[in-house]
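Reader: I am new to this structure. Please take a close look at the ligand and what surrounds it.

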Amino acid sequence: MGHFEELSQAVIAGQASKVVELTKAALQSGVEPLAIINDGLIAGMNVVGKHFKEGDMFVPEVLMSARAMGSGVELIKPHLSDGEVPNKGTIILGTVKGDLHDIGKNLVGMMLESSGYKVIDVGVDTAPEEFIAAIKEHEAQVLGLSALLTTTMLSMKETIEALKADGLRDNVKVVVGGAPISQSFSDEIGADGFAPDAASAAELVGKLLA
Ligand code: B1M
């Protein structure tokens, strides 16, 4: 078994200590940190998603996998940032109202931070007025919204409508993402951009702020 497959298997099995051990070994042998995340940790979580959907895995097991993945991500985090990076802009990032999924959002936050942005993470289940308060408090240039449920996707639209009503819409770029989100949905609700994964989210923010 290669590095990545073993790591994926450990995530699927929810074995945090094994994930830590394998992540350390991969880092030590010079494997690209981002590849460890994408091809090892996230790849494992994708399999977990499939099992969960098919009823072959249940919430407690999914949470163990999520925790195992998180312990790997924590080890990689310091290897991603380029040290003293200047603040290229401030981003308010959160999961929308009614939605408690935060694994993907956290990865997006990590990528943005390591690309030199200041990330204010407002957490999960965030109402439009909470996003607005955070934008005002931190004078943010970008609002990043994450949603994982087809039912909470609509909270993204509500958040954008609330920005308009508050006169803030032209002050911030709105970036959306999450498994059920697509470019066409992003266009439909009037967001400024959609990113399918964490690395593209950082790229997209760079383009929007250029
Ligand atoms: Co939930 N869940 N879940 N869940 N869960 C899904 C999303 C689901 C697809 C599973 C399934 O049935 N196949 C399904 C949604 C169905 C639908 O709406 N169509 C589902 C459901 C139904 C539910 C509950 C309703 C289950 C229940 O209670 N009956 C419930 C809802 C709770 C709520 O939110 N109110 C629920 C609960 C949970 C757990 C608590 C057990 C746990 C969440 C733990 C946590 O986040 N702390 C959980 C998990 C882990 C999942 C799956 C298995 C994995 C999600 C994940 O973390 N993926 C998921 C199945 C799946 O997606 N395959 C599922 C890994 C992560 C790295 O990917 O989040 O897509 P992702 O993020 C990616 C990109 O999407 C993108 O970048 C990330 C990195 O590449 N991205 C952005 C994300 N946000 C972005 C923002 C951006 C840009 C890019 O810009 C700002």
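Author: A nitrogen atom of the ligand lies 2.8 Å from an N or O atom in the side chain of serine 146. Such a pair is a polar contact, meaning two N or O atoms within 3.5 Å; within protein, one must be able to donate a hydrogen and the other to accept it, and residues adjacent in sequence count only if both atoms are side-chain atoms. The model is predicted, with local features needing pLDDT of at least 70 and side-chain atom pairs pLDDT 80 or more, while totals for chains, interfaces and linings use all residues. Residues are numbered from 1 along each chain as its sequence is written, and side-chain values use heavy atoms, with hydrogens and water left out.

The side chain of histidine 101 also has an N or O atom 2.8 Å from a nitrogen atom of the ligand. With threonine 150 the backbone is involved: one of its N or O atoms is 2.9 Å from an oxygen atom of the ligand. These three residues, together with Leu100 and Asp102, come nearest among the 33 residues around the ligand. A residue counts as near if one of its heavy atoms lies within 4 Å of the molecule.

By type, the shell holds 20 nonpolar, nine polar and four charged residues. Here Ala, Val, Leu, Ile, Met, Phe, Trp, Tyr, Cys and Pro count as nonpolar, Asp, Glu, Lys and Arg as charged, and the others, Gly among them, as polar.

Several helices and strands contribute at least two residues each to the shell: α3 (33-53), α4 (59-80), α5 (103-114), β3 (142-146), β4 (173-177) and α9 (198-209). These are DSSP runs numbered from the N terminus, helices being H or I of at least four residues and strands E of at least two.

On the scale of the whole protein, there are two domains, domain 1 (2-84) and domain 2 (90-209), with bounds from an automatic or database domain assignment. Each of domain 1 and domain 2 gives at least three residues to the shell around the ligand. The C-alpha centres of domain 1 and domain 2 are 24 Å apart. Between them, eleven residues of domain 1 are in contact with five residues of domain 2, where contact means heavy atoms within 4.5 Å.
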